[in-house]
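Here is a short tour of a protein model, meant to be read with the viewer open. Please have the sequence at hand as you go.

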Amino acid sequence: MRKITLSNAQRAIWMVLITSLAVAFFAGLIDLGLMFLSPLTDPVLPPHGGEGLGEAAVDAFVWSAFPATVAALGLTPFVLQRGTYSWLEAAVAGVLGFMAAVVIFPFDSPGAVPFLAFAAGLLMIGMRALLIIIGILKP
């Protein structure tokens with residue numbers, strides 16, 4: 001089987017595209033999972049009103065697309081230079097992307113912001129691992 005090699009520019013394009021969609025998808029799944037633990041996780045989640053679980057997960061997906069894209073664009077210079085980025089750079093990009101989204105699109109649960117920012121950093125670290133496994137980023 002022939003191994004395909006990617007240039008750093010191609011790696012950056014694929015990284016931004018995959019991260020923008022996959023991180024938002026995983027954020028929706030995490031939100032859905034936390035809603036199943038409702039009484040325990042109510043202090044760390046924004047209020048969802050009377051909407052169903054599926055609608056709340058879709059709302060989380062739509063809201064998460066912006067911070068995921070901001071984080072991916074913030075990591076683009078590293079990918080263009082080195083073809084990869086470190087786990088620490090991924091975590092910082094996730095937290096900063098999340099915080100940019102909170103500033104622009106606030107929600108009614110200020111106590112949830114630190115927990116969700118931490119979760120965004122962990123999600124970006126996981127996304128980095130996934131991109132390395134599928135061969136988009138260099139190890």
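What follows moves from the overall fold to one helix and then to a few single residues.

This is a predicted model, in which local features need pLDDT of at least 70 and side-chain atom pairs count only at pLDDT 80 or more, while totals for chains, interfaces and linings use all residues. Residues are numbered from 1 along each chain as its sequence is written, and side-chain values use heavy atoms, with hydrogens and water left out.

**The overall fold**

Let us begin with the whole chain. The protein has 5 helices and 0 strands; helices (H or I, at least four residues) and strands (E, at least two) are DSSP runs numbered from the N terminus. Along the sequence this reads α-α-α-α-α. The radius of gyration is 16 Å, close to the 14 Å that the globule rule gives for 139 residues, so the protein is as compact as a globular protein of that length. That radius is taken over C-alpha atoms, and the rule is 2.2 Å times the number of residues to the power 0.38. The C-alpha trace spans about 50 × 30 × 20 Å along its principal axes.

Of the 139 residues, 39% count as buried, where buried means under 20% relative accessible area, exposed over 50%, and partly exposed in between (1.4 Å probe, protein chains only). Among contacts (heavy atoms within 4.5 Å) with a separation of 6 or more, 75% join residues 24 or more positions apart. The accessible surface comes to about 7900 Å², and carbon and sulfur atoms hold 75% of that area; such areas come from the Shrake-Rupley method with a 1.4 Å probe, and for residues only the protein chains shown count as cover.

**Helix α4**

Now turn to α4, which covers residues 87-104. Its 18 residues reach 26 Å from first C-alpha to last, close to the 26 Å expected at 1.5 Å a residue; the expected span is 1.5 Å times one less than the number of residues.

Which residues of α4 are buried? They are A90, A91, A93, G94, G97, F98, A101 and V102. Seen down the helix axis, these buried residues fall within an arc of 170°, so they line one face of α4; the arc is that of the directions from the helix axis to the C-beta atoms. They pack against α3 (53-82) and α5 (113-133). On the other side of α4, L96 and V103 are exposed.

**Single residues**

The table gathers three residues with their contacts, not counting residues up to four places away in sequence.

| Residue | Place | Relative accessible area | Touches |
|---|---|---|---|
| A91 | helix α4 | 15%, buried | G121 and I125 |
| T76 | helix α3 | 15%, buried | A12, M15 and V16 |
| G135 | segment after α5 | 39%, partly exposed | L6 and R11 |

Two C-alpha separations help to place these residues. A91 and V23 are 68 residues apart along the chain, and their C-alpha atoms are separated by 13 Å. For G135 and A72, 63 residues apart along the chain, the C-alpha separation is 17 Å.

How many salt bridges does a search of the whole structure find? The search finds 1 salt bridge, the term being used for a side-chain nitrogen of Lys or Arg within 4 Å of a carboxyl oxygen of Asp or Glu. R82 forms a salt bridge with E89, and their closest N and O atoms are 2.7 Å apart. R82 is partly exposed, at a relative accessible area of 38%.
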